[in-house]
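Me: I have a structure open and would like to go through it slowly. Can you help me read it?

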Amino acid sequence: MENMYLPYRMFIEKITEEAPLVRTYRLKFKNPADEEKFSFKAGQFGEYSIFGEGESTFCIASSPTRKGYIECTFRVAGRVTKALANCEEGDEIGFRGPYGNTFPIDDWKGKNLLFIAGGIGLPPLRCVIWNCLDLRENYRDITILYGARSVNDLVYKHELEEWNNRPDVNLFTTVDPGGETPNWKGKVGFVPAILKEVSPSSDNTIAAVCGPPIMIKLTLPVLFELGFKEENIFTTLENRMKCGIGKCGHCAVGPYYVCKDGPVITYKELKELPQEY
Amino acid sequence: MEYKLIKLEKIQEFINSLIATGKQVLAPKQKKEKVFFSLIHSFEEIAMDYIQTAFSAKSAVFPKCEELYTFEKNGKETILNNPQAPENDTIVFGMRPCDGAAFDYLATFFLKENPDYHFKMRYDNTIFVGLTCSSGDEFCFCSSVGISPSDTRGSDLMLTKTENGYYVEIITEKGKKLVEQFANFFEQIEQIDKTKYVANIQKRFDSSALKEKISGAFDWERWEETSLPCFGCGTCAFSCPTCTCFDIQDEANLLGGTRYRIWDTCALGIFTKHASGHNPREKQSERWRNRILHKFLYTDEQFGILSCVGCGRCIRNCPAELSIIEQVNAITEG
């Protein structure tokens with residue numbers, strides 16, 4: 001039997017500064033045999049560790065279509081993320097995963113996709129966005145609405161530019177009022193208001209929403225107004241986690257474990273859970 | 001099933017032989033006014049007539065603090081090492097049937113899905129010898145959760161004290177092997193009716209009424225009122241034979257260190273607190289509710305087993321004198 005707590009040994013190939021206190025690490029396997037047996041799907045997450053400090057939970061932010069590496073994007077918040085932020089390119093860290101369920105992108109074939117993200121909520125969607133863009137012929141319109149507090153807080157700035165230049169992606173970026181810069185070309189306003197303004201069709205459309213709880217709370221009524229059905233609205237949950245495999249008890253929401261029953265969930269399913277997330 | 005008898009004078013020799021052959025014997029031992037499962041060096045140390053130990057023997061298979069693996073730093077490389085499996089068999093001797101049922105639950109929880117390496121390593125090396133209850137106290141309520149005071153669930157061997165010595169039921173292959181290894185202490189015997197040796201544990205609540213009410217109990221309006229005395233110390237969880245929650249922590253120096261798992265509990269506010277400061281269970285009443293619903297609803301949904309075995313420890317040990325029996329009765333009464 002395998003010791004499921006033993007992580008893969010990874011090294012940091014590339015560090016990208018995304019926003020204040022937000023970084024993206026591209027990680028590669030130290031052991032080629034590990035790389036060979038590793039596979040994951042969009043929506044899954046892992047436990048990233050600094051030996052001697054502990055583990056931290058983040059989604060895998062890169063797409064499974066991009067082989068040979070995984071990426072994670074994190075904001076410095078606690079002890080482990082502080083230690084992670086002190087790492088340099090070439091340093092070794094631990095990774096165990098992938099854990100959790102996935103976005104059902106095969107079921108989304110032939111549909112329009114609407115991705116709505118706020119702040120550091122884009123990384124969990126970036127994985128599925130790139131996954132769908134790399135299989136572009138499977139989907140119809142792809143619309144991305146992304147907002148952050150200020151221009152500086154937007155993550156993946158280069159990729160936003162790339163999506164903006166693609167004719168097969170409708171990208172709307174927005175910043176909170178007061179967060180704009182003189183040469184800001186995107187929108188100004190909160191995500192729910194911009195969603196109302198853009199008013200995408202709900203016809204044959206899947207919506208995936210990820211962001212701070214307040215953004216999700218105010219975005220949902222707009223989606224319902226637009227005619228989205230509860231089972232066509234997806235989000236990805238976050239709770240304090242330790243083990244990632246349904247044992248330590250931390251992430252439990254009633255009988256539901258975010259780590260193994262989630263993190264991807266439809267609004268229809270979410271509604272049935274006790275409010276403990 | 002096979003049955004044996006072990007005479008009173010022989011049980012002493014049996015235990016001492018177990019110890020002599022290098023087995024680790026964990027048995028109830030009196031320490032001041034309480035009884036604890038302790039590592040025994042000779043039979044005289046064992047308290048055979050206790051009602052309930054202060055803590056269960058859960059730590060035999062799920063230690064309070066346990067090594068998940070060690071890491072050594074070698075320049076930019078890290079070497080990871082699996083923990084060593086225990087060399088000798090452990091015998092949990094003289095546990096009450098409620099604790100046996102708890103070990104049964106623990107095995108389901110840890111091994112059914114994503115089997116747990118560390119639990120299995122210890123569980124496979126442990127032999128469980130149960131001891132029928134001849135008496136109980138006002139905190140015992142096994143019969144209310146479907147367990148009897150002579151229940152053999154989770155035991156490899158089950159002992160019942162009779163006038164002639166201990167009546168032994170051989171429940172599993174593991175138990176049979178142990179008896180065969182020490183065959184000269186045991187006598188052949190026919191099956192007996194245990195009834196007159198078994199305590200009568202009163203039902204303290206109506207489990208079918210509870211089952212009816214508990215699924216809608218999340219929104220019950222009396223959680224705050226009934227949990228008011230709770231100050232969130234976690235004693236209930238740490239003394240509970242079925243609580244399984246843990247934290248993961250590192251202890252290290254520049255050369256390397258160990259990643260441990262350590263008992264944790266949903267009674268503590270920090271248990272669910274996000275790094276952002278957001279806490280899904282902000283209030284103590286919400287944590288208390290989670291404990292009760294986990295025991296009587298969530299594991300029933302997940303595994304078809306209640307994760308309360310009626311041992312009564314959380315009531316005996318609670319410094320705020322909260323009673324899970326009173327709580328359950330309050331829910332069933334509405």
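Me: How many residue pairs are in polar contact between domain 1 of chain A and domain 2 of chain A?
Reply: There are nine such pairs, both residues being at pLDDT 80 or more, where a polar contact is a pair of N or O atoms within 3.5 Å; within protein, one must be able to donate a hydrogen and the other to accept it, and residues adjacent in sequence count only if both atoms are side-chain atoms. This is a predicted model, in which local features need pLDDT of at least 70, side-chain atom pairs count only at pLDDT 80 or more, and totals for chains, interfaces and linings use all residues. Residues are numbered from 1 along each chain as its sequence is written, chains are lettered from A and ligands numbered from 1 in the order in which they are written, and side-chain values use heavy atoms, leaving out hydrogens and water.

Me: And how many salt bridges between those two domains?
Reply: Two are counted between domain 1 of chain A and domain 2 of chain A, a salt bridge being a side-chain nitrogen of Lys or Arg within 4 Å of a carboxyl oxygen of Asp or Glu.

Me: Which residue does A:Arg66 form a salt bridge with?
Reply: A:Arg66 pairs with A:Asp134, and their closest N and O atoms are 2.7 Å apart.

Me: OK, new topic: where are the domains in chain A?
Reply: Domain 1 covers 8-99 and domain 2 covers 112-236, with bounds that come from an automatic or database domain assignment. Taken over C-alpha atoms, the centres of these two domains of chain A are separated by 24 Å.
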